[in-house]
Amino acid sequence: MFIDTHAHLFFENFKEDVDEVIQRAKDNGVDFIVVPATDIKTAKEAITLAEKYEQIYATLGIHPHDTKEWNESLLFEIEELAKHPKVVAIGEIGLDYYYDFSPQDQQIKAFKSQLDLATKLQLPVVIHNRDSDGDMMDIIQSYCGTGLKAQFHCYNGSLSDALEFMKMNHFISFKGNITFKKSDGLREILSHIDLNHLMLETDSPF
């Protein structure tokens with residue numbers, strides 16, 4: 001069984017041929033696809049896709065890029081939407097200091113609030129992390145003992161952090177950039193990832 005754990009099928013790239021895209025994936029051995037939302041609008045779109053296609057499931061959350069206008073009322077909307085039976089995780093959530101589209105304090109506040117919601121609902125989380133390794137590790141370590149389960153999607157951190165995340169029973173996934181000529185460092189990290197802690201993703205359409 002193969003599962004693409006991260007494909008943004010609500011993007012404009014797929015508006016004209018999403019049926020064909022999903023059928024091609026199925027024909028090529030992809031049994032299930034998880035569609036991660038990045039805000040409330042795309043959360044509803046991900047759920048609509050999950051309702052239409054048997055092999056599609058959804059995750060719900062506010063991406064760090066979209067946390068500049070974060071307020072706690074969004075948390076209640078996510079919690080209500082998460083009652084849908086085909087919602088399997090909270091995400092895509094996390095920190096991104098590379099683009100810094102949202103203030104870092106807002107990103108951290110939104111991230112922690114959504115982690116708290118995930119532990120309350122006993123759902124795993126899908127984490128985006130870019131150039132924020134120190135804060136990310138501190139926050140994730142603070143949730144040890146809560147039952148939190150995380151997937152670090154599009155992993156581009158250090159080997160030492162990856163090993164620490166595995167010790168905490170979290171999961172790692174890499175996207176297409178693992179194939180780039182300049183990605184020898186990522187492939188070296190991948191060689192150290194226990195298969196029991198490895199997930200597959202495309203991060204389509206990227």
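**View 1. Partly exposed F11 and its ring partner F10 in the predicted model.** At 25% relative accessibility, F11 falls in the partly exposed class, in a structure that is a predicted model. F10, by contrast, has a relative accessible area of 7% and is buried, the cut-off for that class being under 20%. The structure contains seven aromatic pairs. In the one formed by F10 and F11, the ring centres are 5.4 Å apart and the planes meet at 35°, so the pair is classed as tilted, a term that covers pairs whose planes are neither under 30 degrees nor over 60 degrees apart. Ring pairs also bring in F206, which together with F10 and F11 makes up a cluster.

**View 2. The aromatic pair of F32 and Y57.** With a distance of 6.0 Å from centre to centre and an angle of 65° between the planes, the rings of F32 and Y57 form an edge-to-face pair. F32 belongs to strand β2 (residues 30-36) and Y57 to strand β3 (residues 56-60), so this pair ties together parts of the chain that are 25 residues apart in sequence. F32 is partly exposed, its relative accessible area being 25%, and Y57 is likewise partly exposed, with a value of 27%.

**View 3. Charged side chains over tyrosine rings.** The ring of Y57, which pairs with F32, also has the charged end of K86 sitting over it, at 4.6 Å from the ring centre. A second arrangement of this kind involves Y98, where the charged end of R130 sits over the ring and lies 3.7 Å from its centre.

**View 4. Strands β1 and β2 with helix α1.** Strand β1 (residues 2-4) and β2 run parallel and are joined by three bridges. Within this pairing, I3 has F32 of β2 as its bridge partner, and F32 is also the residue whose ring pairs with that of Y57. Taken with helix α1 (residues 18-27), strands β1 and β2 make a β-α-β unit that is right-handed.

**View 5. Strands β2 and β3 with helix α2.** Strands β2 and β3 also run parallel, and four bridges join them. Here V34 stands opposite Y57 of β3, while the ring of Y57 forms its edge-to-face pair with F32, a residue that lies in β2. Helix α2 (residues 40-52) completes a right-handed β-α-β unit with β2 and β3.

Note on methods:
Residues numbered from 1 in each chain as written. Predicted model: local features only at pLDDT ≥ 70, side-chain atom pairs only at ≥ 80, totals over all residues. Heavy atoms only, no water. Phe/Tyr/Trp six-rings, centres within 6.5 Å; stacked < 30°, edge-to-face > 60°. Buried < 20%, exposed > 50% of the residue type's maximum accessible area, 1.4 Å probe, protein only. Helix = DSSP H or I, 4+ residues; strand = E, 2+ residues; numbered from the N terminus. Lys NZ or Arg CZ within 6 Å of the ring centre and 35° of its normal. Pairing = 2+ DSSP bridges. Right-handed = clockwise from strand over helix to strand, strands pointing away.
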